[in-house]
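Work through the exercises below with the sequence and the model in view. Try each task before reading its solution.

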Amino acid sequence: MGMKGASRCPGCKSTHLEYQGVDETGAQKWRCRNCGTRFTFKPTETKSG
């Protein structure tokens with residue numbers, strides 16, 4: 001597991017999100033299908049050690 005995707009749009013709180021890949025920093029790029037907002041989501045990785 002390790003990585004968790006974005007769950008809601010920061011603009012309209014919709015859960016209808018479209019995954020757009022990852023950028024150079026490793027943040028996931030998402031687009032809301034409801035309002036069209038584009039945003040990045042930094043996944044919280046569970047690292048042991």
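**Exercise 1. Which residue in β3 is the bridge partner of Arg 31? Place the pair in the wider strand pairing.**

Solution. The model is a predicted one.
- Step 1. Find the partner: Arg 31 bridges to Arg 38 in β3.
- Step 2. Move to Trp 30. Its bridge partner in β3 is Phe 39.
- Step 3. Count the bridges. β2 and β3 (residues 38-41) are joined by four, and the two strands run antiparallel.
- Step 4. Inspect the connection. Five residues lie between the strands of this hairpin, and Gly 36 has a positive phi near 85°.

**Exercise 2. Describe how β1 pairs with β2.**

Solution.
- Step 1. Set the range and the sense. β1 covers residues 17-22 and pairs with β2 in antiparallel fashion, over five bridges.
- Step 2. Pick out positions. Tyr 19 has Trp 30 as its bridge partner in β2. Leu 17 stands opposite Cys 32 of β2.
- Step 3. Look at the turn. The β1-β2 hairpin has five residues between its strands, and Gly 26 in the turn shows a positive phi of about 90°.

**Exercise 3. What is the order of the strands in the sheet, and which are the edge strands?**

Solution.
- Step 1. Take the inventory: three strands and zero helices. Along the sequence this reads β-β-β.
- Step 2. Assemble the sheet. It is open, with the order β1-β2-β3 and antiparallel pairing.
- Step 3. Name the edges. β1 and β3 each pair on one side only, as edge strands do.
- Step 4. Add the twist. Neighbouring strands are turned by 30° against each other on average, with direction ignored.

**Exercise 4. Which side chains of β2 are buried, and which are not? Follow the buried face into the core.**

Solution.
- Step 1. Recall the rule. Side chains in a regular strand alternate between the two faces of the sheet.
- Step 2. Apply it to residues 28-32. Gln 28, Trp 30 and Cys 32 point to one face and are buried. Lys 29 and Arg 31 point to the other face and are not buried.
- Step 3. List the core. The largest nonpolar core has five residues: Cys 9, Leu 17, Trp 30, Cys 32 and Phe 39.
- Step 4. Compare with the general trend. In soluble globular proteins, nonpolar side chains tend to be buried together.
- Step 5. Put the core in the context of the chain. Buried residues are 24% of the 49 residues. The chain exposes about 3800 Å², of which carbon and sulfur atoms supply 49%.

**Exercise 5. How many disulfides does a search of the whole structure find? Examine Cys 9 and Cys 12.**

Solution.
- Step 1. State the search result: zero disulfides.
- Step 2. Check Cys 9. Its nearest cysteine sulfur belongs to Cys 35, at 3.7 Å, and Cys 9 is in no disulfide.
- Step 3. Check Cys 12. Here the nearest cysteine sulfur is again that of Cys 35, at 3.6 Å, and Cys 12 is in no disulfide.
- Step 4. Apply the cut-off. A disulfide needs the two sulfur atoms within 2.5 Å, so neither distance qualifies.
- Step 5. Assign burial. Cys 9 has 1% relative accessibility, so it counts as buried. Cys 12 has 31%, so it counts as partly exposed.
- Step 6. Collect the contacts of Cys 9, leaving aside neighbours within four places in sequence. They are Ser 14, Leu 17, Cys 32, Cys 35, Thr 37 and Phe 39.

**Exercise 6. Is Val 22 buried, exposed or partly exposed? Which residues are in contact with Val 22?**

Solution.
- Step 1. Locate Val 22: strand β1.
- Step 2. Classify it. Its relative accessibility is 47%, so Val 22 counts as partly exposed.
- Step 3. List its contacts beyond four places in sequence: Ala 27, Gln 28 and Lys 29.
- Step 4. Take one C-alpha distance. Val 22 and Lys 42 are 20 residues apart along the chain, and their C-alpha atoms are separated by 9.5 Å.

**Exercise 7. Where does Lys 13 lie, and what is its phi?**

Solution.
- Step 1. Place the residue. Lys 13 is in the segment before β1.
- Step 2. Read the angle. Lys 13 is not a glycine, yet its phi is positive, about 65°.
- Step 3. Set the background. Most residues other than glycine have a negative phi.

Note on methods
Residues are numbered from 1 along each chain as its sequence is written. This is a predicted model: local features need pLDDT of at least 70, side-chain atom pairs count only at pLDDT 80 or more; totals for chains, interfaces and linings use all residues. Side-chain values use heavy atoms; hydrogens and water are left out. A nonpolar core is a set of buried Ala, Val, Leu, Ile, Met, Phe, Trp, Tyr and Cys residues joined through side-chain atoms within 4.5 Å. Buried means under 20% relative accessible area, exposed over 50%, partly exposed in between (1.4 Å probe, protein chains only). Contact means heavy atoms within 4.5 Å. Two strands pair if DSSP finds at least two bridges between them. Accessible areas come from the Shrake-Rupley method with a 1.4 Å probe; for residues, only the protein chains shown count as cover. Axes are lines fitted to C-alpha atoms, for helices over the stretch in contact, and angles run from 0 to 180 degrees between N-to-C directions.
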